[in-house]
Amino acid sequence: MTPSQVLKLVKDQKVEIIDFRFLDFLGTWQHFSTPPHMLAAATFEEGLGFDGSSIRGWQSINVSDMLVVPDAQTAKIDPFLKSITLVLICDIVDPITRENYSRDPRNIAKKATAYLSSTGIADTAYFGPELEFFILDDVRYDQNAHSGYYYIDSVEGIWNSGKEEHPNLGYKPRHKEGYFPAPPTDSFQDIRSEMVTIFEKLGIKIDKHHHEVSTAGQAEIDMVYAPLVEMGDSMMWYKYICRSVALAHGKTVTFMPKPVFDDNGSGMHVHQSLWKKKKPLFAGKGYAGLSEMAMHYIGGILKHAPALCAFSNPTTNSYKRLVPGFEAPVNLAYSARNRSAGVRIPMYSPSPKTKRLEVRFPDPACNGYLAFSSMLMAGLDGIEKKINPGEPMDKDIYALGPEEMAGIPSVPGSLEDALQALEDDHEFLLKGDVFTDDAIQTWIDYKIENEVDPMRLRPTPYEFILYYDV
């Protein structure tokens, strides 16, 4: 869609509000709105001003002026707001230099795409994330000097099997038995279907949806693969739609990786492949039908995985899911079909067009633009340096003995470790000025100061169980 087509859409649809959306460094959508008369053809070049010092991880107050420049191709009518509202996703620009902002995640994704083309290796990187999330009925939490707690609840929670619900009708998935049960045990079919219907109306193609493994309303909706920047945009819409539909039903959605103890956490398996001139490049005659290029891409992912986790698993809670010895794919190995490996090669179809790899350790708390960009840069580094991924791991990793397990590396055990890995290994991200030293250091500093250190300082309820009577 061009700027002139957007202006025509505003007139034809009798749009009442223009909503300018962009995301902060961490990955949360921000927005402000104007009446339609404030949107002109020139706005798509000149942009609109805002205070960049009020956005997490961005400008200091003495250089706070920034511009949002709307991307006409992203125009969509918001399906939830009462006033007819046109949403435009924006890029961030410095008002003095007119350069795209180095800490704007969407700009980083655009630069990653440009770098891919400049290498001549491929012209398109496709990403297809499978986001998992929980649909809950109630959430309460607090932390202060003398107390701290959280409480979540779901009508599906197995802990409510004995609750007086006037009447309690049962049909509550047991721990780790939520995968694929039909209704009425799957009580969220209609809500997920409503989400999917809205996705499709907005032009975001969906592959499938279903209940996930955990009790308490864990869900998954899979998007059809799309180019990197487009998928980053779609992931923002994804979270917005899921939360908004749930809210309309008096429920709430969380993308926290591990909100429920003693059951599966929420991951985000990311399918990815490279194409050139509309031809797939990952299909070949090697292991699992992969090309040599695909094997080297895997080599890059596995080599840089600890650093990638700083973007793909960016919260302290992420590492409550990535715990060795359980079902999460913490092991940095690759395999066809084996879901206990960090990288899997799906074998559903023999078609070269479906040949791809699936990185399984990321989670949905991530900023999609940064996670996808960093994985692409790691894969390209593997191709450029012909990094050998080693031998595949087709055995059940969790059934291996201690000697065999000792030879398999794993993802970091904490956000602090992941950030240190990024500090030590980020040269591959700097190619093509995709990530800058400033962006990487700001990410590390922000995470340490605002997440790692505060978690260090606070006692948790379970520590009282362990240590109160020492």
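## Reading the labels on D263, G413 and the cysteines

Tutor: In this predicted model, D263 is buried yet has no salt bridge, and its nearest side chain of opposite charge, K176, is 4.3 Å away.

Student: Why is D263 with K176 not called a salt bridge?

Tutor: A salt bridge has to be within 4 Å. K176 is 4.3 Å away, so D263 has no salt bridge.

Student: What makes the approach of D263 to T215 a polar contact?

Tutor: The side chain of D263 reaches the backbone nitrogen of T215 at 3.0 Å. The cut-off is 3.5 Å, so this pair lies within it and counts as a polar contact.

Student: Where is D263 found, and which residues does it touch?

Tutor: D263 is found in the loop between β13 (252–254) and β14 (268–276). Leaving aside residues up to four places away in sequence, D263 touches H175, K176, V213, S214, T215 and K258.

Student: Why is G413 called exposed?

Tutor: Exposed means over 50%. G413 has 54% relative accessibility, so G413 counts as exposed. G413 is found in the loop between α9 (402–406) and α10 (415–424). G413 and L322 are 91 residues apart in sequence and 7.2 Å apart, C-alpha to C-alpha.

Student: How do you know that C90 is buried?

Tutor: The relative accessible area of C90 is 2%. Buried means under 20%, so C90 is buried.

Student: And how do you know that C309 is in no disulfide?

Tutor: The nearest cysteine sulfur, that of C366, is 11 Å away. A disulfide needs the sulfur atoms within 2.5 Å, so C309 is in no disulfide. C309 is buried too, because its relative accessible area is 0%.

Definitions and conventions: Residues numbered from 1 in each chain as written. Predicted model: local features only at pLDDT ≥ 70, side-chain atom pairs only at ≥ 80, totals over all residues. Heavy atoms only, no water. Helix = DSSP H or I, 4+ residues; strand = E, 2+ residues; numbered from the N terminus. Buried < 20%, exposed > 50% of the residue type's maximum accessible area, 1.4 Å probe, protein only. Lys, Arg positive; Asp, Glu negative; His and termini not counted. Polar contact = N/O pair within 3.5 Å; in protein donor to acceptor, adjacent residues only side chain to side chain. Contact = heavy atoms within 4.5 Å.
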